[in-house]
Amino acid sequence: MELLEGVDLSRLTSIRIGGRARYLAVPTDVEDLSNVVQMSREKDLPLFILGGGSNTIFGDVEGFVVSLERLRGIRVMEENGSFLVEALAGTPLKEITGLALKENLEGIYRLLGFPATVGGAVAMNAGAFGVEIKDFIMEVTYLDWFGEIRRIAREELEFSYRSSPFPRKGIVVSCLFKLRRSREPVSEDYNRIRRLRRSTQPINVPTSGSTFKNPLPHKAGELLERVGMKGYRLGGVAFSEKHSNFLVNLGEGSVEEVKALIEEAKRRVYEEFGIDLEEEVRLVEDSGSDGWKVL
Ligand SMILES: Cc1cc2nc3c(=O)[nH]c(=O)nc-3n(C[C@H](O)[C@H](O)[C@H](O)COP(=O)(O)OP(=O)(O)OC[C@H]3O[C@@H](n4cnc5c(N)ncnc54)[C@H](O)[C@@H]3O)c2cc1C
């Protein structure tokens, strides 16, 4: 296992902003992972699980950041016309959406076009174009915070909009999906979604995707636009001109600028509409955030 000290975290997230981690651990198997959890307990330091970093913005982290990038791989079994796909947590989600395109599998291909890992997508219950990852899960294998490996069926897990029991419940190690063959060719819809993403989202600049959850039935992006946040810039960070709910790093963006922009956006939306926007993005700092597990 790789264990580094004083690591610059900006290269580990899609928005490329970040302070330093006291420790960065990159486990290569579950035993390593379990050892890091144990180490953080012994040192009494908090620990943060990192997938693709596409929904995470770091400040300084006085603890362990654990990257699952080396826990990757998929296994595919065919059973009565369905595909059972088991993927390790650090596997890029695009391997699954790519498989779905190749094998003409229903639904899950709609989660194309964002740099998530399987574990991060399960933890966030990632969704797009009418599907959520929970719709395809059969079973999740996870390491609980006491170091035990557990398997749990989808029916026993509570998912909701961009929310799951993980990482509160433990660290997703792998996920088993059941994917069915589609009667219609999926490639046309796949390409339509890809084009739509390219034309409506800033996918070629560093970004962390949606900053706020949609306060249904409203869309966060529309509310932000109506209060003048579209394209609003502070130093090196701005709400994108292309999609007002996406923060983009224009160069040397800092976490302080991110925080100030988030506060400004929340203040304006609350004053104008009386709506409390809730962050979708995980802002991870020393003082703790959603996603911390202090042992
Ligand atoms: C251009 C762009 C477009 C996007 N579009 C969408 C979209 O359409 N729909 C959507 O839902 N999201 C979208 N996102 C946001 C993001 O990609 C998703 O939230 C994704 O699921 C995050 O996955 P990740 O692996 O990058 O997670 P990370 O950012 O690494 O982590 C996110 C959270 O998951 C936890 N986590 C990660 N791995 C594990 C694990 N193995 N076990 C337990 N907890 C874990 C982390 O601790 C953290 O709390 C987009 C992002 C970008 C940059």
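Two residues are taken to be in contact if their C-beta atoms, placed from the backbone, lie within 7 Å. With that in hand, Val-172 is a handy place to start looking around this predicted model. Setting aside neighbours within four places in sequence, Val-172 is in contact with Ala-89, Gly-119, Val-122, Ala-123, Val-140, Tyr-142 and Phe-166. Val-172 also turns up in the largest nonpolar core, a set of 75 residues. Together with Val-65, Val-66, Ile-108, Ala-121 and Val-122, Val-172 is among the members that touch the most others in that core. As a general point, nonpolar side chains tend to be buried together in soluble globular proteins.

Stepping back to the whole chain, the protein has six helices and 18 strands. Its radius of gyration is 19 Å, close to the 19 Å that the globule rule gives for 295 residues, so the chain is as compact as a globular protein of that length. Along the principal axes, the C-alpha atoms fill a box of roughly 55 × 55 × 30 Å. Some 41% of the 295 residues count as buried. Looking at contacts between residues at least 6 apart in sequence, 63% of them join residues at least 24 apart.

Two of the contacts of Val-172, Val-140 and Tyr-142, lead to the next stop, strand S10 (residues 137-144). S10 runs antiparallel to strand S12 (residues 170-180), and seven bridges join the two. Within that pairing, Asp-144 of S10 stands opposite Gly-170 in S12. S10 also pairs with strand S11 (residues 149-153), again in the antiparallel sense, this time over five bridges. Here Val-140 has Ile-152 as its bridge partner in S11, while Tyr-142 stands opposite Arg-150. S10 and S11 make a hairpin with four residues between the strands, and in this hairpin Gly-147 takes a positive phi near 90°. In general, strands of a sheet pair through backbone hydrogen bonds, either parallel or antiparallel.

Then there is the ligand, with 35 residues around it. Which of these come nearest? They are all glycines by name: Gly-51, Gly-52, Gly-119, Gly-120 and Gly-209. Strand S3 (47-50), helix H3 (118-124), strand S8 (127-128), S12 and S13 each give two or more residues to the shell. H3 gives the most, with five residues. Sorted by class, the shell has 18 nonpolar and 16 polar residues, plus one charged residue.

S13, one of the elements of that shell, spans residues 207-210 and includes Ser-210. Is Ser-210 buried or exposed? With 21 C-beta neighbours inside 10 Å, Ser-210 counts as buried, because the cut-off is 20 or more. Apart from neighbours within four places in sequence, Ser-210 is in contact with Ala-220, Asn-245, Phe-246 and Glu-280. Ser-210 and Leu-247 are 37 residues apart in sequence, yet their C-alpha atoms are 7.5 Å apart in space.

S13 also belongs to an open sheet of four strands, in the order S13-S16-S15-S14, with antiparallel pairing. S13 and strand S14 (233-234) are the edge strands, each pairing on one side only. Inside the sheet, strand S15 (residues 237-239) and strand S16 (residues 246-249) pair in the antiparallel sense over three bridges. One of the facing pairs links Phe-239 with Leu-247, its bridge partner in S16.

Methods. Residues are numbered from 1 along each chain as its sequence is written. This is a predicted model: local features need pLDDT of at least 70, side-chain atom pairs count only at pLDDT 80 or more; totals for chains, interfaces and linings use all residues. Two strands pair if DSSP finds at least two bridges between them. The radius of gyration is taken over C-alpha atoms; the globule rule is 2.2 Å times the number of residues to the power 0.38. A residue is buried if 20 or more other C-beta atoms lie within 10 Å of its own, exposed if 12 or fewer, and partly exposed in between; C-beta atoms are placed from the backbone. A residue is near a molecule or strand if its C-beta atom, placed from the backbone, lies within 6 Å of it. Ala, Val, Leu, Ile, Met, Phe, Trp, Tyr, Cys and Pro count as nonpolar, Asp, Glu, Lys and Arg as charged, and the others, Gly among them, as polar. A nonpolar core is a set of buried Ala, Val, Leu, Ile, Met, Phe, Trp, Tyr and Cys residues joined through C-beta atoms within 7 Å.
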